[in-house]
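Colleague: Before I rely on any of the labels attached to this protein, I would like to hear what stands behind them. Could you take me through a few, one label at a time?

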Amino acid sequence: MIAATDDPERLGGKRRHWLAPALLCLLLFGTAARAQTPAAMQAYKMPQQPLEQALAELAAAADLQILMAPQMLRGKTAPALSGRYSAAEALQQLLAGSGLSYRLTDSGVVTIVAAPKPLPAAAAKPAQPRLLPQVATSLGALQVTGSRIRRSEFEGAAPLTVISAEQMEREGRFSLAEVLAINGMSVYGAESQSGGGRFSANAQPVNLRGLGAGRALILVDGRRVPDYPFPSNGRSNFQSLGSIPLAGVDRVEVMTGGASAVYGADAIAGVINIVLKQPRDGHQLKLRTGTSTQGGADRVDMHWSAGFSGQDWRADYVLQFAQDELLRGYQRGIQVAPQSAAGPQPALGLGVEGEGGVLQALPAGVCERWDTAFVDWNYAAAPGQAHGWGCGTWRNAGYASLADARREISGRLHAERDLPADIQLWTTVQLRHARSEIAAVPETITGPHSSRTGRVNLVQDPQLGLVSPLRVLTPQEMGGLAPMNDRYAEQMADLALGLRGDAWKDMEWNLTLGHSDYRLQRDFRRLLGAQVNAFFFGQAQGFTDDGVIIQPLNLDHWYRPLTTGEYRAMSATVQYRARSQVDSASYVLSGDIAELKTGKLGMALVLEASHQSYALQNRPSVLPLQLELYDLAGSVGAGGRSRYALGGEARIPLASTLKLNLAGRWDKYDDSASLGITPTWSAGLEWRPLAGLLLRASHATSFKVPDMHWTYTDGGGSFGSAVDVLRCMQAGANPDCAAFTSAFLTRTSRNPGLGAESGVSSTLGVVWDAAEAMSMSLDYWDVRSEQGIGRIAPLVLLRDEAECSTGMKLDGSPSSADLRSWECRKARARVVRSGGGVGRIVMVESMAANQSNERVRGLDAVVDARMDTAAGQFALHSAWSRMLHASRRVRAPGTLHEQWRQVPWQSGENRAFRSNFSASLGWQGTTGWSANLFGIRYGSLPRVDGNGRLPPLFLWNANIGKRLTEQAAVTLFVNNVFDTPPPRDSSNAKFPYYYDDVYSAVGRQLAVQLDYNFD
């Protein structure tokens, strides 16, 4: 606990983090911060109402941080307040006759406490309460993430970042995903935000420390939110921020590092607790509309909130409507890959590639049959690319999304009722309905279709020989751009009901029941494999000696556009349906159990039970061995599991300046994985040797249960490519096998025997209040994840097959594998080939396994300052995060490659910035004007080809606002002030040719916002 003081002259800003390297900030703010001017008088008009609500209104109006225990305020009523008061005077008026007082800490926190007993007559009179500062951060009653024990101070043993609703608005953020994307600890995105055809593309995952979506736990008011119904990349489950309307959010608390000892599974990288606003009387409207200066990406956000209260009840509701316009690649000139050595050239849209990469000669005038969609182009020779005359397209890639279309409406209702015996009944209902459209590129036909293993890329035509055909469909054939879009419909309902009250003097209990239901449907149109075969190809005539299918092309159909009717006849609407549900119950007992000489002994006990389920289905079939759709495979599955947990915490004052925090928890999951009981624990130390100085350290264990989709999937499939090691070795080309890369289907089966992932994290840091309105923090962190779950790479399985078939390794040395062993028989059976002998790979059988260990270490630093001047109030906030070390090891259990091996940590599936720095400077004038400038520097990322790194990216946001009346205010936002584009990677051949899960190509955005208070 940070030492508190009753000295009125020492009330400063809230204790917050500081960035240690920002010496310049100290020089600029140091002297002025110590010379704070007295707080200004302010007009108040508040009715008689419950004391808790009155203090919340005061915190918002005076911009204060007031921490209060609800059990102390129940049944107490605040008198009406009307007139001009300083913040201190207003607080004293509201507390008058309540038996309560307030205590002020070195960090500027206002804590509501029991009023002291009257002093004897001979005692000296206490000093008069000092003036509260005009500017502080308003947090209201706070249960800090990282502990279930209510703390009287903000900072604790583990680093905690709090992002208030006001800060989100100042920085111009529209969604929680955007809020966390600019945080140095988070990388937004589990999947690409553009490119269409994504399995969970409408989700808004969060990736803490670069450890991946699904390894950070998301809570709403301390309750776990349900998984997003679609698994990431069709494989692993995760939680999404998209279902939480920003309008109802009071603040976001982010604690990085293991937290399973308090919150249970999945908190390996950290916990994000989204705290919703508390009931408040009045009606408020917030309307924001904006566009981009390059055109497109229009958006509208409207928030409406209203609150009501009576003598023993309170209620409020929030409604939010949001709409975003679809933005395609061609609207930003992003249509072709970066220039090659041969210069810019269109993508191949129609052609038949023969042996040696030479394109077959086209009949005269073929490309013109598609009007302007195709152009005649003589492709220059380049390694690994077709060359010769073909039909090129400058447009195809540019049809895909850069920003998706969205329309959603959401609402939240919260109500509280005071019952006898100091018991409070409360409920929260949250509903959301959203529709989204995601632009995909037209489909491409590359060869015949097999219902078992999908399409092939190589075919033996009796007249043309061995060829690789390619034909891109165009919008004209499909009936325009709109039929190409994927459409998502989401419905989410969440209900929580609870009772809370006092157990005894300083203890509080809380019983909560919850139900969440998240449903999602995805509809899109795709080609049917059988119809593609019938229209573009003749009857199959067997296989060549090396496994290539013999089947003629129908050149009359191949070299002419489809009619819209023909396209619709050979395609069908695909429908995915997914559902995720959680039912939960928890009982928490928390508070101080004893008063020791060194301070209060706090404790918390928690009992939890929950049941989680999911179901994923589709039609037509996308499962391997029964594929109905052309060039599309997926997964389905359904299952459920129950969880039971017992946990406890203790806050032990070892000395007046030293506190020990301990937590332990036991989780039991009841499903086919049969994990048994998983124990976790954590410990933390808080040492305050001096006023305004906190030294802290923490250590915690954590775990993540196997995703339900890994446990219950019915065997999903995905298309990809890898080196055909066996054919390479039999051709004598090894170890240089790049020319033997083959495309095929990978089928991934369920694995009920998966074990839990485990994590260990440690932190060491310092928080220092350098001045009355100046604070800084510096924290070192170390997070390890072990036994991470993932799919065994097909290349590993192909190496096993080659060793078990030839008795040799890829480098030509003898293999120790016994070719007659059960392991080798399994290795050969995992690879399915066409034809007889060593045919072409058509499918590889893989499975999930505990296969990776990761470790990341780094530094976080934060600086905050504020200063009062004659021109108004200035506030500075800056944050810096630096990754010092990142490593990753993988293995393949159940194969010939079970030994651990080091692999690049940053890869196509795992990217995180090496460093991240952001800063904002805000100004609140004395005449109703305000302004804020926000800048962020994203650190470098590796190029796709691994040769060097991309340069850092600097972005700036700004806004200026004016309070027009006591009820109305208007604000102008400019995001990406200098219209800075994302860094392009000349080695990235995949649209949009930059890392689209961390960058945006929308460009400069303008928005205007109107705030109106109807009371």
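**Labels and their grounds**

Modeller: In this model, which is predicted, five strands form an open sheet with mixed pairing, in the order E9-E14-E15-E12-E13. Its edge strands are E9 (161-164) and E13 (223-224).

Colleague: Why are E9 and E13 called edge strands?

Modeller: Each of these two strands pairs on one side only. For E9 the partner is E14, joined in the antiparallel sense over four bridges, and since two strands count as paired when there are at least two bridges between them, the label of a pair is met. Within this pairing, Val 162 stands opposite Glu 253 in E14.

Colleague: What makes Thr 256 buried?

Modeller: Thr 256, which lies in strand E14 (residues 249-256), has a relative accessible area of 7%; buried means under 20%, and therefore Thr 256 is counted as buried. The C-alpha atom of Thr 256 is separated by 3.9 Å from that of Gly 270, although the two residues are 14 apart along the chain.

Colleague: Why is H2 called roughly antiparallel to H4?

Modeller: The axes of helix H2 (residues 51-62) and helix H4 (residues 87-95) cross at roughly 175° and come within 11 Å. Angles over 145 degrees count as roughly antiparallel, so H2 is given that label with respect to H4. On the H2 side the contact involves Leu 51, Ala 54, Leu 55, Leu 58 and Ala 62, while H4 contributes Ala 87, Ala 90, Leu 91, Leu 94 and Leu 95. The residues of this contact divide into 10 nonpolar, no polar and no charged.

Colleague: How do you know that Asp 724 counts as buried, and what joins the side chains of Asp 724 and Arg 833?

Modeller: Asp 724 is found in the loop between strand E39 (716-723) and helix H13 (725-730). Its relative accessibility is 2%, and because the limit for buried is under 20%, Asp 724 counts as buried. The side chains of Asp 724 and Arg 833 are joined by a polar contact of 2.8 Å, where the cut-off is 3.5 Å. Beyond its neighbours within four places in sequence, Asp 724 is in contact with residues including Phe 740, Ser 742 and Ile 841.

Colleague: Which strands pair with E51, and over how many bridges?

Modeller: Strand E16 (residues 282-292) runs antiparallel to strand E51 (residues 1005-1013) and is joined to it by nine bridges, with Leu 285 opposite Tyr 1012. Strand E50 (residues 968-975) also pairs with E51 in the antiparallel sense, over eight bridges, and here Asn 975 stands opposite Gln 1005.

Conventions
Residues numbered from 1 in each chain as written. Predicted model: local features only at pLDDT ≥ 70, side-chain atom pairs only at ≥ 80, totals over all residues. Heavy atoms only, no water. Axes fitted to C-alpha atoms, helices over the stretch in contact; angles between N-to-C directions. Parallel < 35°, antiparallel > 145°, perpendicular 65-115°, else oblique. Contact = heavy atoms within 4.5 Å. Nonpolar A, V, L, I, M, F, W, Y, C, P; charged D, E, K, R; others polar. Buried < 20%, exposed > 50% of the residue type's maximum accessible area, 1.4 Å probe, protein only. Polar contact = N/O pair within 3.5 Å; in protein donor to acceptor, adjacent residues only side chain to side chain.
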